Amino acid sequence: MAMSEEGRIVRPLGAFERTIDFYMHRNPVQFSLVAELNRQVPATTLALALAALQDRHPLLGVAVDRAAPEAVFRASQGALSLEAAADGTPWQSVVAAEQTRPIPPTPGPLARAVLVPRESGCAVVLTFAHQIADGIGGLRALLDLVAALSCEDLAPGNVPQAQEELLAHVGGATDTGDAATGTTGKDDERMSAVGELLPFSGRRPHVDALALDRGLTTRLVRRCRLERTSVHAALCAAATVVLHRRGREFVRVLSPVDLRRAVGLSDEVVVRFTGARTGSAAHDANDFWTSARHTRGSLSRQRTPDALKAGSAALAKHPPTSCSDAEAMMTAATAADIQITNLGVAHPSRQSMNALSALWGPAQITHMRGEHILGVVTVGGQLRMTELTHDPVAGLVPEMGAVLAEACAESPGG
């Protein structure tokens, strides 16, 4: 796709993208991902790599035109914004600040970068408006950027379709996962309690982060296989254990579901996700691995192709027509005690891996009262967690790490 004709329509926003955009009229939602590199990168070199990244992923070169009868993506000739933080600034401070500066829908592009020089190495923070990307798409962009900085060529990409157009043609086998029945079903009235939206204030969120060491990460993966569950379900179980210990009788966890992996869509910068919620009462947390298996079973049922297609079709048939509609939908669909966005294992190229020290994120806030958003990504054999919130729960992230370590140290079968 050539981006030379500034202002031409790239494509209309899909139903889910329009929902996000309506919500973002009054509630800016953007997320950041961080790559720590073991070498210094001049700003001029990073700018060239960002230009190559825009050619690779066309939605990194668009704006949202809300004046049309239905919102559309329009081409923008602007380069991705690049700023430099003070030498040695912690990346946590950068991502917190990025949540205070909304990315406007026009003139575009809808992403930006911050370079953080260090005495040895650097960090690069990429921030994306949610209309054009989700966490997996952002990770794809970040890995491609590191590849470009490692002198790898990026092939130009095509404009991705809206997700409901692709889901309408999806078929195939379902992912049933573990057959265990969750202890808290979707009919439990506590699962449907609506969240409360807070007006955007530009206040900096609290940021916490933790990297599990390689030994614990390896033990966690192996133990999850032995227990017939997933690392993500174990993370959900760890979060509920900690929040139950803090006195919460009932805990809801929101897990974004990546449609690329669920139904075999291509890996590109675009919105390709839906949400799945699981619930846990305090007495469910007594057996960690049973809780993790129940969570995996519930999530597996919510991400079958039939379930995903049904949800997408319903939204396409009855999309929101106003900001208020979108806000009502979001407060109903995303209300949770904690959201865990797990990007899974990142797979940089061998050449990129030589330069990459760590990945963090995604880091974001969605403006729900009491929300805790935990971004998780694993690379180089280490799982890393990044939490953003305006209402810190003391020790949430480190205690989750301790709970996982304790669970992996237990003898299988108790």
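1. A friendly place to start is the hairpin: β3 and β4 form one, with 6 residues between them. Helices (H or I, at least four residues) and strands (E, at least two) are DSSP runs here, numbered from the N terminus. β3 covers residues 62–65, runs antiparallel to β4 and is joined to β4 by 4 bridges. Within that pairing, V62 has A75 of β4 as its bridge partner.

2. Before going further, a word on the model and its conventions. This is a predicted model, in which local features need pLDDT of at least 70 and side-chain atom pairs count only at pLDDT 80 or more, while totals for chains, interfaces and linings use all residues. Residues are numbered from 1 along each chain as its sequence is written, and side-chain values use heavy atoms, with hydrogens and water left out.

3. The hairpin belongs to an open sheet of 3 strands, ordered β1-β4-β3 with antiparallel pairing. Strands count as paired if DSSP finds at least two bridges between them. β1 and β3 are the edge strands, each pairing on one side only. On average, neighbouring strands of this sheet are turned by 30° against each other, direction ignored. Such angles run from 0 to 180 degrees between N-to-C directions, with axes as lines fitted to C-alpha atoms, for helices over the stretch in contact. Strand β1 (residues 9–12) meets β4 (residues 72–75) through 3 bridges in the antiparallel sense. Two of the residue pairings you can look up are I9 with R74 and R11 with F73.

4. Then there is an open sheet of 6 strands, in the order β8-β14-β13-β11-β9-β10, and its pairing is mixed. β8 (206–211) and β10 (273–281) are at the edges with a single partner strand each, so one side of each has no neighbour in the sheet. Here the average turn between neighbouring strands is 20°, direction ignored. β9 (residues 250–258) runs antiparallel to β10, and 9 bridges join them; in β10, G279 is the bridge partner of R252.

5. On packing, the largest nonpolar core has 60 residues, and F128, I132, L145 and L359 have the most contacts inside it. A nonpolar core is a set of buried Ala, Val, Leu, Ile, Met, Phe, Trp, Tyr and Cys residues joined through side-chain atoms within 4.5 Å. Helix α4 (residues 135–149) gives the most to this core, 9 residues. F128 touches, among residues over four places away in sequence, V29, F31, L60, I103 and A141, to name some of them; contact means heavy atoms within 4.5 Å. A second, separate core of 35 residues includes A237, A238, V393 and A407.

6. M353 may be worth a click. This residue lies in helix α12 (residues 350–353) and counts as partly exposed because its relative accessibility is 32%. Buried means under 20% relative accessible area, exposed over 50%, and partly exposed in between (1.4 Å probe, protein chains only). Leaving aside neighbours within four places in sequence, M353 is in contact with P348, V379 and G380.

7. Finally, the second largest pocket holds about 300 Å³ of space. Of its 14 lining residues, V221, R225, V231, V345 and T378 are the closest to its centre. A pocket is an open set of points on a 1 Å grid over the protein atoms alone, where a 1.4 Å probe fits, with protein on both sides within 12 Å along at least five of seven lines; lining residues have an atom within 4 Å of a point. Grid points are joined across faces, edges and corners, and the volume is the space filled by probe spheres set on the points. α6 (214–226), β11 (338–345) and β13 (372–379) each supply at least two lining residues, and the largest share, 4 residues, comes from α6.
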